[in-house]
Structures are given as structure tokens and as C-alpha cells.
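Here are a few exercises to work through with the model open in your viewer. Try each task before you read its solution.

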Amino acid sequence: MRVAVLADIHGNLPALDAVLRDVDATGVDVIVLNGDIADGPIPRETLERLAELDDRALWIRGNTDRWLVDAFDGRLQLPGLATNPPVEWFTWCAERLDRVHRDLLANLPLSVTLEVDGLGPVAFCHATARDDNEFILVDSPLANYRAAFADLVAPTLVLGHTHMPFDRLADRRRFVNAGSVGLGYGHPGASWVLLGPDVVLRRTRYDTDSAADILLAASNLPGIATFVGNVRRPESDLTALHAFTQSVHQQRSG
């Protein structure tokens, strides 16, 4: 089995369409949607586009998928981290979804393990094996990796959540971050991962200025200007790592 991993789409439909064209050309067997799928400028149409993949797609829950469900149900409470969008972001997105979209997101698993050609068992989760909003960074201590993924035994693990791709060894296991399709940091274009027989970090270039114009015309999402600004000119990886490190400290002190 060969697998494409798409994480952190965040309702950026133009980026998703560009990536899916690249994915189709690879002839993969399964497309893993590794969390944080729909919240963003075009939530409903993004979910409907992915639903067209039928049984080719394997969906995994991210923290913003869970928060979208909470917003739909009128019980959203955010943890107040520096990297969280405001409540209004999720309220706006949830208002554009139907019950069928809500139920789809509500029933997603936290993690899944697949047998991949050349790699053996590979585990997929959005953030960590125990928490869909825990931050594991490329420079996180080995002890953090060991604790966060203790419940998964696969030798290769694929995650997302921090929007920056990496491929590193930690405690004798291989950890791969798929980066972000919809809202990457540190580089232009949309990141994803191709698995089998090895791990290949992929980047799909697309017309980000045109995509930003499409997103602006299609959406009045609260915070849309910041979102499309990052699509046009992505935030640096240094700035993003600093922000996520702040969130790690907030989580540990809270």
C-alpha cells in the first residue's frame, strides 16, 4: 500500500485542489486526511470535495475538527493558547455546515495505523497519540516524543498540527510531519507526504496570489485578511516555532 498524507487543510480549497491533482498523479491507494480539515475560508465545500474521495480517504480528527463540532453544538470553549484562532472563527465556520458535516467530524478517530509498502506499520495522528492539541516540534526533547507516543508501537509515525514539515529520528523511531496543505509556514506552496516504499516530503506549488483572491471573494471569515496574507507570503518557520513554543509553555504551566 502507498499512502498520501494531507494535514491541516484549513478550508483552503484552491490549495487542496492543487494537491489532489498531484496526489492523483502518484497513483496512491489511500489518502490520509490527518486532521484540521475544514475550519477556514471555505469549510463546507472543502468537506464536500473530500467526501468525493469516498473510500480512498481515511479521516483522522484534529483539534479544530473537534472545536468545529463544539461550535456547531453551541458549547465551544477554547484553551486560550496564543496559537488558537478566536471563538468567532469556529462559530462562523460551523454556521456553514449541516448536521451531516458535523456528524462526520464528530466520529473521526484520534489515530489510525496502516501497513505501508517498504515501511511496515505506520501510525497516523494529528498531534500526538494522546491529545489532538499537543505540540510536538522538530526540536522537542526526546522525552516529549517518548511520552506523547507511548501508546503507539509503530516504528514510523506521521503527524501534523504545527504546519511545518520534518522527518527526524527520536527514541529509535521515525517521526514525520506532513506540514500543511492550506496554511504552511516557512515556505510557499502546499506540503504533504508520500509514503511507500520510503518517506518523501512533497510540496505542491500553486498560484497563491490567485488562491488568495479566490478565498477573499468567497469568504468573510473573521480573520480572513491574516489567513490570505499567510497564503500569499507564509510566516517564517522561526516565527511559527516561537509561537508554538509559547503554546507548549502555556500547556505545561496550565
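**Exercise 1.** Work out the strand order of the five-stranded open sheet in this predicted model, then find which strands stand at its edges.

*Solution.*
- Step 1: Trace the sheet from one side to the other, and you get S4-S5-S6-S8-S7, with mixed pairing.
- Step 2: Look at the ends of that order. S4 (111-116) and S7 (166-170) each have a single partner strand, so each has one side left without a neighbour in the sheet.
- Step 3: Check the twist. Ignoring direction, neighbouring strands here are turned by 25 degrees against each other on average.

**Exercise 2.** In which sense do S7 and S8 pair, and over how many bridges?

*Solution.*
- Step 1: Take S7 together with S8, residues 173-177; the two run antiparallel and share five bridges.
- Step 2: Pick out a facing pair to fix the register: Phe166 sits opposite Asn177 in S8.

**Exercise 3.** Hunt for enclosed space: how many cavities of 30 Å³ or more does the structure hold, and what lines the largest cavity?

*Solution.*
- Step 1: Count them, and you find one.
- Step 2: The largest cavity has a volume of about 60 Å³.
- Step 3: Its lining comprises 13 residues, with Gly184, Gly189, Tyr206, Asn230 and Val231 nearest the centre.
- Step 4: Sort that lining by class: six nonpolar, seven polar and no charged residues.

**Exercise 4.** Are Cys93 and Cys125 buried or exposed, and how many disulfides does a search of the whole structure find?

*Solution.*
- Step 1: Cys93 has a relative accessible area of 0%, and buried means under 20%, so Cys93 is buried.
- Step 2: Cys125 also comes out buried, at 0%.
- Step 3: The search for disulfides finds zero.

Definitions and conventions
Residues are numbered from 1 along each chain as its sequence is written. This is a predicted model: local features need pLDDT of at least 70, side-chain atom pairs count only at pLDDT 80 or more; totals for chains, interfaces and linings use all residues. Side-chain values use heavy atoms; hydrogens and water are left out. Two strands pair if DSSP finds at least two bridges between them. Helices (H or I, at least four residues) and strands (E, at least two) are DSSP runs, numbered from the N terminus. Axes are lines fitted to C-alpha atoms, for helices over the stretch in contact, and angles run from 0 to 180 degrees between N-to-C directions. On a 1 Å grid over the protein atoms alone, a cavity is a set of points where a 1.4 Å probe fits but cannot get out, and a pocket is an open set with protein on both sides within 12 Å along at least five of seven lines; lining residues have an atom within 4 Å of a point. Grid points are joined across faces, edges and corners, and a volume is the space filled by probe spheres set on the points. Ala, Val, Leu, Ile, Met, Phe, Trp, Tyr, Cys and Pro count as nonpolar, Asp, Glu, Lys and Arg as charged, and the others, Gly among them, as polar. A disulfide is a pair of cysteine sulfur atoms within 2.5 Å. Buried means under 20% relative accessible area, exposed over 50%, partly exposed in between (1.4 Å probe, protein chains only).
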